[in-house]
Amino acid sequence: MKRQLLNYETLLKVTNAISHSRDPEEVVLMAVESITHALDVKGCTIFLINRDTNELEVAATYGLSDEYINKGPLSALKSITEALSEGPVAIYDVSDDPRMQYPEAAVKEGIASILVVPIVIRDRTIGALRVYTAEPWEFTLDDVNFVQAMASMAGMAIDIAKYYKGLKDSIEILKTLRDPKTLKSRRRTPYEGVPKSFN
C-alpha cells in the first residue's frame, strides 16, 4: 500500500466505477477491483453476513487466490468480530493476532496486514470490507476514513442495485400477467379462490 494523498480524483474514480452498474454482483466486483487499484494493495474482499448461519460469505474479491478464499467458513462471531459491531479494525501482523480465524492461511497467501471496516445500510451492518496488504502496514486515520467511505458507497450501491433488480423483476412479472397471449388463462377476479358454493 502506498502512502498517498487521498484526493477527490481518487475518490471520484472509485465512486464512478461503483455507480456505473445496477446489477448487485457487478457492483461488488467493480468495488473490490477499484479499491485494490486505488490503494495499490494486495487485494480486497466484500463479505455479506448470512443471518441464518452467522457466517461471512464472499460477495466479491480481487487479488486473492481461490485457495485462500476457499480456506473454510468465516464466522461472523469469531473472525475480527469487532469490525461488525464497533467499527474499523486494523491488524498489523496477521500471524500474531488472536482475532484472526485463519492466520496460517493468511501468511501462506502473503498477507501481512488487514484493515476491516463494516458495511452499514440504514444503521444495519450487512457485511464487511477487508483490505489486504502484502507488507506490514500501519493504517493511518486517512486510510481508515477512505476505506470506510468506500465501504459506505459499496453498501449504498448494493442496496440500490437490489432495489433496481427487484423492481425490474416485478415489472417483468406484471408484463407476463398482462400478456394478451396468456391473459385468458391468468385472469384474476375478486372471487378467485373462493369456493363455488359461496359465489
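Let me start at L56, which sits opposite L74 of strand β3. This is a predicted model, so please hear everything that follows with that in mind. On the other side, I49 stands opposite L56 of β2. So much for the leucine; now the strands around it.

Strand β2 covers residues 55-62, and its pairing with β3 is antiparallel, with two bridges. Strand β1, residues 43-50, also runs antiparallel to β2, and seven bridges join these two. The connection between β1 and β2 is a hairpin with four residues in between. In that turn, N54 has a positive phi of about 60 degrees.

Next, the residue I want to spend some time on, S75. It belongs to strand β3, which is residues 74-75. Across from S75 of β3 stands E55. Which residues does S75 touch, leaving out those up to four places away in sequence? They are N54, E55, L56 and Q101. So N54, the turn residue with the positive phi, is among the contacts of S75. Is S75 buried or exposed? Its relative accessibility is 13%, and because the cut-off for buried is under 20%, S75 counts as buried.

Now the sheet as a whole. Six strands make up an open sheet, in the order β3-β2-β1-β6-β5-β4, and the pairing is antiparallel. The edges are taken by β3 and by β4, residues 89-91; each has a single partner strand, so one side of each has no neighbour in the sheet. S75, then, is a residue of β3 that counts as buried at 13% relative accessibility, in a strand that stands at an edge. As a general reminder, side chains in a regular strand alternate between the two faces of the sheet.

On to the charged pairs. How many salt bridges does the count come to? Two. One of them is between E67 and K108, where the closest N and O atoms are 2.8 Å apart. E67 is in helix α3, residues 66-69, and K108 is in helix α5, residues 103-109, so this pair ties together parts that lie 41 residues apart in sequence. As for accessibility, E67 is at 54% and counts as exposed. K108, at 64%, counts as exposed too.

The other pair is R99 with D97, with 2.8 Å between the closest N and O atoms. R99 has a relative accessibility of 27%, which makes it partly exposed. D97 is at 15% and counts as buried.

I will finish with the chain overall. The protein chain has six helices and six strands. Along the sequence, the pattern reads α-α-β-β-α-β-α-β-α-β-β-α. The chain has 199 residues, and 40% of them count as buried; S75 and D97 are among the buried residues. Taking the contacts with a separation of 6 or more, 55% are between residues 24 or more positions apart. The exposed area of the protein chain is about 12100 Å², and carbon and sulfur atoms supply 53% of that.

Definitions and conventions. Residues are numbered from 1 along each chain as its sequence is written. This is a predicted model: local features need pLDDT of at least 70, side-chain atom pairs count only at pLDDT 80 or more; totals for chains, interfaces and linings use all residues. Side-chain values use heavy atoms; hydrogens and water are left out. Buried means under 20% relative accessible area, exposed over 50%, partly exposed in between (1.4 Å probe, protein chains only). Contact means heavy atoms within 4.5 Å. Two strands pair if DSSP finds at least two bridges between them. A salt bridge is a side-chain nitrogen of Lys or Arg within 4 Å of a carboxyl oxygen of Asp or Glu. Accessible areas come from the Shrake-Rupley method with a 1.4 Å probe; for residues, only the protein chains shown count as cover.
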